[in-house]
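Trainee: Could you take me through the aromatic rings in this one? I'd like a close look at that part, with whatever sits around it.

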Amino acid sequence: HLVEFGGGLVQAGASLRLSCGVSGHTFSSYAMGWFRQAPGKEREFVATINWNGANTHYADSVNGRFTISRDNAKNTVYLQMNSLKPEDTAIYYCAADLSELTIATAPDYWGQGTQVTVSS
């Protein structure tokens, strides 16, 4: 069970931190990822992190502005979003997968999503 928190309405240039709490799984066994889906568009990869946080990957569109991290003691993965742009507006989903090789393409589990809206 994955539950996202922290979405909201912000102005361009602002920061926002999303959290995703995980229950019912051995959190530290899973690679985690963040994805997003804008209106009228397909869901896209944003960032992934391996089980211990040593490896992270980012979409080019967010690289340098977003940071993914995790706290295995709290069963939580985070997405720190800085310098937000209107084009970052989307529903953001967290996802989990036992393999860091497939987390970006075919995650095993999904959260329900949280809305992020960036006004210009």
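Mentor: Start with Arg 43: its charged end sits over the ring of Trp 110, 3.7 Å from the ring's centre. Keep in mind that this is a predicted model. Trp 110 itself counts as partly exposed, because its relative accessibility is 32%.

Now look at what else Trp 110 touches on. Its ring pairs with that of Tyr 93: the centres are 6.4 Å apart and the planes stand at 90 degrees, so we call the pair edge-to-face, the label for angles over 60. Along the chain these two are 17 residues apart, with Tyr 93 in strand 9 (residues 90-97) and Trp 110 in strand 10 (residues 109-110). Tyr 93 comes out at 12% relative accessibility, so it counts as buried.

Follow the rings onward, since pairs link Tyr 93 and Trp 110 with Phe 35 and Phe 45 into a cluster. Phe 35 and Phe 45 form an edge-to-face pair too, because their planes meet at 70 degrees with the centres 6.3 Å apart. That pair joins distant parts of the chain: Phe 35 belongs to strand 4 (residues 31-37), Phe 45 to strand 5 (residues 44-49), and 10 residues separate them. Phe 35 is buried at 4% relative accessibility, whereas Phe 45, at 24%, is partly exposed.

Searching the whole structure gives 4 aromatic pairs, and the two I've described are among them. There's another charge over a ring to check as well: the charged end of Arg 70 sits over Phe 27, 4.4 Å from the ring centre.

Key. Residues numbered from 1 in each chain as written. Predicted model: local features only at pLDDT ≥ 70, side-chain atom pairs only at ≥ 80, totals over all residues. Heavy atoms only, no water. Phe/Tyr/Trp six-rings, centres within 6.5 Å; stacked < 30°, edge-to-face > 60°. Helix = DSSP H or I, 4+ residues; strand = E, 2+ residues; numbered from the N terminus. Buried < 20%, exposed > 50% of the residue type's maximum accessible area, 1.4 Å probe, protein only. Lys NZ or Arg CZ within 6 Å of the ring centre and 35° of its normal.
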